[in-house]
Amino acid sequence: MKLLRFPVLVQVLVFHHLGLDGLFMLSLCSQKMRKQIKSTFRAKSTGLSMVLDSLREEGSIYFEGLFDHFKVITWIIENPETTPRESSVLFLKLDTDIISCGLSFDTDTGHSTFGFDEDNWKSAPILMYNYISDLFHTSSDIQFITNTRSFEDLPNIKVFKNFYHEGLRLAGSKLDVFFETHEITNCAMILPYIMTDTLFTRGSIKRRSSLLKIKHLLVYKANFLVINNILSFRGSHAVFLESYIKNNDIKKFLKLWMTGRFRRLDYLLITPLYHAPLNPEAILGKFNTVPFDESRRSAMYINKTAMIDFIPARLRQPDWSKGVDIERGTDSMLATIVLERNQFHFCVWKNRFPEQIPTTSDYNEFPKRLHEGYLPFRSIPQLWSF
């Protein structure tokens, strides 16, 4: 490659002009080119994210910059019976692995699309993810976005850092099996209606489903959960929106917390369905609560998890100084309750006066394109859900 004979400054200018997708393609030309790109090109990043649109049978890998995201590659799943062969066939050597694939280019944008067949469509995406992570010096943690209804079409990945499902409907039994066999190390956000095989129903996941042990969990349509599901949460931050929660359920949770349960819990937000509002007076009247005292705790609790930007704005940051406090006798742990007819906030003050740093959308490295609105499925990329 004659490009390697040019001064480093010229190479850097060329690299920046090509963009990340062009650099990826260029790195495949030779080991020398790959090493030069890796040693010369630097871009600040919060990681990579993998997107799988199961309905389109299309996937992409994005580079998450500090202020924007950039598509690096796109692939499709090729079926010889339904996919016309309009691409070239090539063999890619990704470290020690060699994969065969098709390659085509968009005539308008010049963007490349790889085609994987049934022999490698489960293994190739993760090989490319690791290759790109090494090339651009990003974390190899998997951040994954999908709308699949079966989980059978996901790549061979067993551990995810952040997992976001933005489909419309999903069987609870499949959700259970997926979280039994896969690990989420940081955050999971579940958007679809969860149902049985044919019906939308409560109790469609196991009481102690592995979904409920994820450290940070946000469920948008929590009406499939029963109170025993919610009381089985074993993580630190949970948000359950549009749930069937009742007054007695809130009281049961508070009583259990007072006896020493939920020691990992830092934050809980539950909203009831619109036709079943909560009764704050009936709930709080059963407990010995005290008003806010600035000498005992801070007036503000900051949720620093990856889920913060996906909580509806009206629920994101209540006025904790207007909440009431309860103290657990077994360990003197203090918690604050902010309770209204349409929302229940609960935070535990493991540090009663935390450092008040501002929370940004980059705090826990969740893909920024999902931060454009409170409903991530309306942001880029727009996955189809039927």
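How many of the seven residues of strand 17 are buried? Six of them are, and strand 17 (residues 334-340) is mostly covered. You will meet this strand again below, in one of a handful of close-up views. Please keep in mind throughout that the model is predicted.

**Figure 1. An overview of the protein before we zoom in, with its eight helices and 18 strands.** The protein has 386 residues, and buried residues make up 52% of them. Contacts across the sequence are well represented too: of the contacts with a separation of 6 or more, 61% are between residues 24 or more positions apart.

**Figure 2. Helix 1 meets helix 2.** Helix 1 covers residues 8-27 and helix 2 covers residues 31-40; they pack at an angle of about 115 degrees, and their axes are 10 Å apart. That angle makes helix 1 roughly perpendicular to helix 2. The two helices cross in a left-handed way. On the helix 1 side, look for Val8, Gln11, Val12, Phe15, Leu23, Leu26 and Ser27; their counterparts in helix 2 are Met33, Arg34, Gln36, Ile37 and Thr40. Sorted by class, the residues of this contact between helix 1 and helix 2 are seven nonpolar, four polar and one charged.

**Figure 3. Helix 2 also packs with helix 3 (residues 124-135).** Here the angle is about 55 degrees and the axes are 9 Å apart. With that angle, helix 2 is oblique to helix 3. Arg34, Ile37 and Lys38 are the helix 2 residues to find, and they meet Tyr131, Asp134 and Leu135 of helix 3. The contact of helix 2 with helix 3 has three nonpolar residues, three charged ones and no polar ones. If Arg34 and Ile37 look familiar, that is no accident of labelling: Arg34 and Ile37 are among the helix 2 residues that meet helix 1, and Arg34 and Ile37 also meet helix 3.

**Figure 4. His137, in the loop between helix 3 and strand 7.** What is there to notice about the backbone of His137? The phi of His137 is near 60 degrees, which is a positive value in a residue other than glycine. His137 has a relative accessible area of 38%, so this residue counts as partly exposed.

**Figure 5. Strand 8 (residues 159-165) and its enclosed setting.** Six of the seven residues of strand 8 are buried, so this strand is largely enclosed by the rest of the structure. Strand 8 pairs with strand 7 (residues 143-146), and the two run parallel, joined by four bridges. To find your place in this pairing, look for Phe144, which stands opposite Phe163 in strand 8. Strand 8 also pairs with strand 10 (residues 183-190), again in the parallel sense, over six bridges. A landmark for this second pairing is Val159, whose bridge partner in strand 10 is Glu183. A general point may help as you follow the side chains: in a regular strand they alternate between the two faces of the sheet.

**Figure 6. Strand 17 and its pairings with strand 16 and strand 18.** This is the strand from the opening question, with six of its seven residues buried. Strand 16 (residues 324-327) and strand 17 run antiparallel and are joined by four bridges. Within this pairing, Val324 has Ile337 of strand 17 as its bridge partner. The two strands form a hairpin with six residues between them. With strand 18 (residues 343-348), strand 17 shares six bridges, and this pair also runs antiparallel. Here Glu340 stands opposite Gln343 in strand 18. The hairpin that joins strand 17 to strand 18 passes through two residues.

**Figure 7. Ser332, in the turn of the hairpin formed by strand 16 and strand 17.** The phi of Ser332 is near 60 degrees, a positive value in a residue other than glycine. Is Ser332 buried or partly exposed? Its relative accessibility is 41%, so Ser332 counts as partly exposed.

**Figure 8. Arg264, in the loop between helix 6 (247-258) and strand 14 (267-272).** Arg264 is exposed, with a relative accessible area of 59%. Which residues does Arg264 contact, leaving aside its neighbours within four places in sequence? They are Arg234, Gly235, Ser236 and Lys350. Phe233 is another place to look: it is 31 residues from Arg264 along the chain, and the C-alpha atoms of the two are separated by 9.5 Å.

Conventions:
Residues are numbered from 1 along each chain as its sequence is written. This is a predicted model: local features need pLDDT of at least 70, side-chain atom pairs count only at pLDDT 80 or more; totals for chains, interfaces and linings use all residues. Side-chain values use heavy atoms; hydrogens and water are left out. Axes are lines fitted to C-alpha atoms, for helices over the stretch in contact, and angles run from 0 to 180 degrees between N-to-C directions. Angles under 35 degrees count as roughly parallel, over 145 as roughly antiparallel, 65 to 115 as roughly perpendicular and the rest as oblique. A crossing is left-handed if the near helix is turned anticlockwise from the far one by less than a right angle, and right-handed if clockwise. Contact means heavy atoms within 4.5 Å. Ala, Val, Leu, Ile, Met, Phe, Trp, Tyr, Cys and Pro count as nonpolar, Asp, Glu, Lys and Arg as charged, and the others, Gly among them, as polar. Buried means under 20% relative accessible area, exposed over 50%, partly exposed in between (1.4 Å probe, protein chains only). Two strands pair if DSSP finds at least two bridges between them.
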